[in-house]
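Q: I'm new to this one. Can you walk me through it?
A: Sure, take a look here.

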Protein chains: 2
Amino acid sequence: MPFELRVSDLGSRQRLRSLHGQLRTAILKGRLCAGAKLPSTRSLALALAIGRNTVVSAYDMLISEGYLRAARGSGTYVATLNPGLAPQRESARHRLARDLLPRAWRTARPRALDQRRVRFDFRIGIPDLDRFPRSIWCRLLGRSQRRGARVEDLYAAPAGVERLRFAIARHISNTRAIACGPADLIVTAGAQHAFDLIARILVVPGRTVVALEDPGYAPLAAVFRAAGAHLVAVPVDEHGMVTKRVPPGAHVICVTPSHQFPLGGVLPIDRRLALLEYARRNGAVIIEDDYDSEFRFGDRPLDALQTLDQCESVFYVGSFSKILSPDLRTGFTIAPPWARDPLLSALQVNVWNCPSVYQQALADFILEGHLARHLRRVGREYSLRRKLLLDGLRTELSPWFTPIESSAGLHIAARVADGYAPEALVAKARRCGVAIENVADVAQWGSRKRAVRVVLFGYGCISQQDIAAAIGTLRNGLRQIHAN
Amino acid sequence: MPFELRVSDLGSRQRLRSLHGQLRTAILKGRLCAGAKLPSTRSLALALAIGRNTVVSAYDMLISEGYLRAARGSGTYVATLNPGLAPQRESARHRLARDLLPRAWRTARPRALDQRRVRFDFRIGIPDLDRFPRSIWCRLLGRSQRRGARVEDLYAAPAGVERLRFAIARHISNTRAIACGPADLIVTAGAQHAFDLIARILVVPGRTVVALEDPGYAPLAAVFRAAGAHLVAVPVDEHGMVTKRVPPGAHVICVTPSHQFPLGGVLPIDRRLALLEYARRNGAVIIEDDYDSEFRFGDRPLDALQTLDQCESVFYVGSFSKILSPDLRTGFTIAPPWARDPLLSALQVNVWNCPSVYQQALADFILEGHLARHLRRVGREYSLRRKLLLDGLRTELSPWFTPIESSAGLHIAARVADGYAPEALVAKARRCGVAIENVADVAQWGSRKRAVRVVLFGYGCISQQDIAAAIGTLRNGLRQIHAN
């Protein structure tokens, strides 16, 4: 069979129905083509570990329905369907796609995480799932699930469960010096979701100009590109976005002030004020992506743009993906009051709301102090990993890399030494079983990529022991590369 | 205080920080205006049930930061902030909203479920949450949660967990005669989410013409309106959409063939074939919304449009909201192959993917037979409720209502007798503690509403006992209304 049949895990009464349905599907969808010979009933029964009678019955049903034909003595074949009903895959695919889909969607392909196994995983954006306090979370989720959803929550206004908004507001007012209350927050299915909703209400296709950091967070650029905005790149230095290089005419400015993604700079207060002043003068808005600022290894955080803003021009976006688990799919935004109802309407059109049972559990998790405890605990661990990695980069790996100063986050950015091509180092590392990432691959979104020559070492999902081993492996491997 | 302060549930060390932050927020955001007098430290401490020293310290911090000022002997006041920093709510709201938001979003307001308590609840679209097999679900979710998410699942391609797609494909091939396999399915956060993603890839604003049933499912119209499509209404009779009235030039046709929403008709086979022929000839696509067809009280279902389609023109959309719980926020779509990558890309831009732990639990729930068992059990219960309600409508309530034939779903549509205004009957019912719904309110989406004169009685969340009582209550109440 050119496709998989699965029936063995079914009860005996369901097997026939399922086998019949799967074969019919395969014929209707063209996976089994007219004229194809089917396996004998005996061999198919053996292959599927089911009784032969079931296979005989399924074939008989399909013959009586006209999907199969039995040739006396020579076996069973897929029938030639009525031409009007036969699959017309290729032509339809091309015609409908060409006529109906806008070009951008027609050629779009989803990005997939590289699923190859890797011995030492320095990929970015993945926190330590083994340290996620799973048993506590299970208990809270179970409790919330047993309480169940109330009818009032089901199709309620989509801002999110009030108790969770209260919990988040208190959490970020403690950790991030953000001034907000529950009524200012909208719960989303992650930061990506918040960006997408904001883009949806702000972007007029072909007109809206959006300024983004380059290098920067490529999925954010993807959001605005999909919405039809005109994207402009703003360069980044060791202090984050070079705000004086924001071109005139930007309607939306996206920035990662507490820890520039991916280079790690902290935006100084004068640049923060300059951005706010730009917004005030030009009637622009700022999207403040505070993506992993909970992991800090130095000073107190500077005031967020959201806190400094007095003109209702800032959308603050936060997420629990990096501090707990991406699988929570929970983030939030603090939107200016004038944008709140439009955002909620967009959320309702899009997914109606986010599951309340999950939100209740997360509210408990925060309010009972588990989040703060978890952050202290993993913060200590990440800090040790970071130190190990920095030491390794500065000693054993210094011929190839120079780490860039930063005081927050879950990865270290490192400049590549002159004479080496970043892509060659990344490829060689991979062949040695070490996954590191090239900024040009994961954090540049423009069609013309400026040469950044920086690679990233994430330490979210690699143990201290593995970091030490990986540094040795990497050194031995990279020694085989010759500088130009 | 003109707003709520909450600190009593905090540990003593956090109280000061929290109180300080909440007061600061209130001042910065204009909830406490310049010149406002604060309560005395003694009275605020009493009101919050915390020590007076904490309040004194918070006031002192805010005074030192310039947010408050102490007038000797007369108390503490909110300081006049630097004019450049003072809140400018109204002007900013108007200017930014006017300059940046497209008109449709500027005036959008989220819809909220009426949260008033009601004695007898015939509202539609709400299944019986008390019969949701919560303990089984909790067990499966707990198991899935303990296994946890794997790194590979986190940022994986967004079609959904393979095991869930397999489970859904098998389930619908049994219950709905749908021919599909796991590779054809995309898991979404509910049917609404599927509609929204489809609209996102199909609609070219200002150009795409979308034909929708009227009366029909208003949130679906909201999706296409938000996407910028031109909407056209297609009338509905007792057999569902009047397909010969689909106007020429439609690019997308939305239809509820197995149980027209809200009138309940089943689309006959000739109309199904006519729709497919329209799509084939005009290069149009069909969105088949199979929203609650699992609850059937008669014949076997007709073949879905998706099954009959040979031109890759059908998007099939299903949901677990009605058959399990809306709070699962899980639905799916079977998209034509040419639309699959664009849809996945749109999903990734929008929310990245849906939480894998929930999906694993739902896969277990289906594959272990709990879904089929649940459907049989609640199907019996709904069938009894339906019968009771139909009997009541045909006897005690016959002066006002005539039920419309239908053989599926979770509600009954009933025509209002001549001489009575539907809105008057609905309002009177509500005053008697009975919530029923007017099609004009919940299922008409056009700006000019045709007079439909139908009301809806949902029986998803009302017990048999309450149905009987509600019918009596309703009869007594409606008797007080005089026909015109």
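Q: What rotation superposes chain A on chain B?
A: A rotation of 180°, with 0.0 Å of shift along its axis and an RMSD of 0.1 Å. That is the relation of a two-fold axis. The fit is by least squares on C-alpha atoms of residues with pLDDT of at least 70 in both copies.

Q: Any ground rules?
A: This is a predicted model: local features need pLDDT of at least 70, side-chain atom pairs count only at pLDDT 80 or more, and totals for chains, interfaces and linings use all residues. Residues are numbered from 1 along each chain as its sequence is written, chains are lettered from A and ligands numbered from 1 in the order written, and side-chain values use heavy atoms, without hydrogens and water.

Q: Which residue of chain A comes closest to the rotation axis?
A: Gly142(A), with its C-alpha at 3.4 Å.

Q: New topic. Where is Gly369(B)?
A: In the loop between helix H14 (356-367) and helix H15 (370-394) of chain B. Helices here are DSSP runs of H or I, at least four residues, numbered from the N terminus.

Q: Is Gly369(B) buried or exposed?
A: Neither: Gly369(B) is partly exposed, at 22% relative accessible area. Buried means under 20%, exposed over 50%, partly exposed in between (1.4 Å probe, protein chains only).

Q: How far apart are the C-alpha atoms of Gly369(B) and Arg6(B)?
A: They are separated by 47 Å, and the two residues are 363 apart along the chain.

Q: And which residues of helix H10 of chain A are buried?
A: Ala218(A), Pro219(A), Leu220(A), Ala221(A), Val223(A) and Phe224(A). Just after H10(A), Gly228(A) takes a positive phi of about 95°.

How values were computed
Helix = DSSP H or I, 4+ residues; strand = E, 2+ residues; numbered from the N terminus.
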